[in-house]
Amino acid sequence: MSNLGYIFLIALVTYALRVLPLTLIRRPITNRFIRSFLYYVPYVTLAAMTFPAMIHATGNDAAGIAAFAAAIVLALCKQKLLTVAVAACAVAFLVGLI
């Protein structure tokens, strides 16, 4: 299959995934479990895409893990986003020097 065929197949699958729920589900979803599951899907997807990138971004897994831990601690202490980001970058830099 050529590259154009792969692109067409990806476009078809993407279109189907967006259109099928609109055509198959006509009533509001009342099941609490399914509603809760669908509510958290975007957050889980974002986490699944960004977490590996955070760990491997520096090329040193120890620096990535240390920066992630520092960011979690500061976020749990209710620090501002800029403070968390700068501290995580600083920790990654310092651990990368060691």
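## Met-54 and helix 2

Met-54 sits in helix 2, which covers residues 32-56. Since this is a predicted model, every value in this report is best read as a property of that prediction. Met-54 is partly exposed, because its relative accessible area is 37%, a value that lies between the 20% limit for buried and the 50% limit for exposed.

Looking beyond residues up to four places away in sequence, Met-54 touches Gly-64 and Phe-68. For the first of these partners there is also a backbone distance to hand: the C-alpha atoms of Met-54 and Gly-64 are separated by 6.0 Å, with their positions 10 residues apart along the chain.

## Helix 2 against helix 3

Gly-64 and Phe-68 also appear in a broader contact, the one between helix 2 and helix 3. On the helix 2 side, the residues are Phe-51, Met-54, Ile-55 and His-56. They meet Asp-61, Gly-64, Ile-65 and Phe-68 in helix 3. Sorted by class, the residues of this contact are 5 nonpolar, 2 polar and 1 charged.

Two packed helices are described by the angle between their axes and the distance between the axes. Here the axes of helix 2 and helix 3 are 6 Å apart, and the packing angle is about 125°. Helix 2 and helix 3 are therefore oblique to each other.

## Helix 3 against helix 4

How do the axes of helix 3 and helix 4 cross, and within what distance do they come? They cross at roughly 150° and come within 8 Å of each other. Helix 3 is therefore roughly antiparallel to helix 4, as an angle over 145 degrees is counted that way. The crossing of these two helices is right-handed.

If you would like to trace the contact in your viewer, here are the residues. Helix 3 brings Ala-62, Ala-63, Ala-66, Ala-67, Ala-70, Ala-71, Leu-74 and Ala-75. Opposite them, helix 4 brings Thr-83, Val-84, Ala-87, Ala-88, Val-91, Ala-92, Val-95 and Gly-96. By class, there are 14 nonpolar and 2 polar residues in the contact of helix 3 with helix 4, and no charged ones.

## The nonpolar core

Which residues make up the largest nonpolar core? There are 5 of them: Ala-67, Ala-71, Val-84, Ala-88 and Ala-92. Helix 3 (61-76) and helix 4 (81-97) are the elements that give two or more residues to this core. Helix 4 supplies the largest share, with 3 residues.

Ala-88 offers a handy view of how the core is joined up. Neighbours within four places in sequence aside, Ala-88 is in contact with Ala-67 and Ala-71. As background, nonpolar side chains tend to be buried together in soluble globular proteins.

## The loop and the start of helix 4

Lys-78 lies in the loop between helix 3 and helix 4. Its backbone deserves a look in your viewer: Lys-78 is not a glycine, and yet its phi is positive, at about 65°. Is Lys-78 buried or exposed? Lys-78 is exposed, because its relative accessible area is 74% and the cut-off for exposed is over 50%.

Leu-81 belongs to helix 4. Leu-81 counts as exposed too, because its relative accessibility is 72%. The C-alpha atoms of Leu-81 and Ala-57 are separated by 19 Å, and the two residues are 24 residues apart along the chain.

## Asn-3 in helix 1

To finish, we turn to helix 1. Asn-3 is found in helix 1, which is made up of residues 3-24. Asn-3 is exposed, with a relative accessible area of 61%. From C-alpha to C-alpha, Asn-3 and Pro-42 are 29 Å apart in space, and in sequence they are 39 residues apart.

How values were computed. Residues numbered from 1 in each chain as written. Predicted model: local features only at pLDDT ≥ 70, side-chain atom pairs only at ≥ 80, totals over all residues. Heavy atoms only, no water. Core = buried A, V, L, I, M, F, W, Y, C linked by side-chain atoms within 4.5 Å. Buried < 20%, exposed > 50% of the residue type's maximum accessible area, 1.4 Å probe, protein only. Helix = DSSP H or I, 4+ residues; strand = E, 2+ residues; numbered from the N terminus. Contact = heavy atoms within 4.5 Å. Axes fitted to C-alpha atoms, helices over the stretch in contact; angles between N-to-C directions. Parallel < 35°, antiparallel > 145°, perpendicular 65-115°, else oblique. Left-handed = near helix turned anticlockwise from the far one by under 90°. Nonpolar A, V, L, I, M, F, W, Y, C, P; charged D, E, K, R; others polar.
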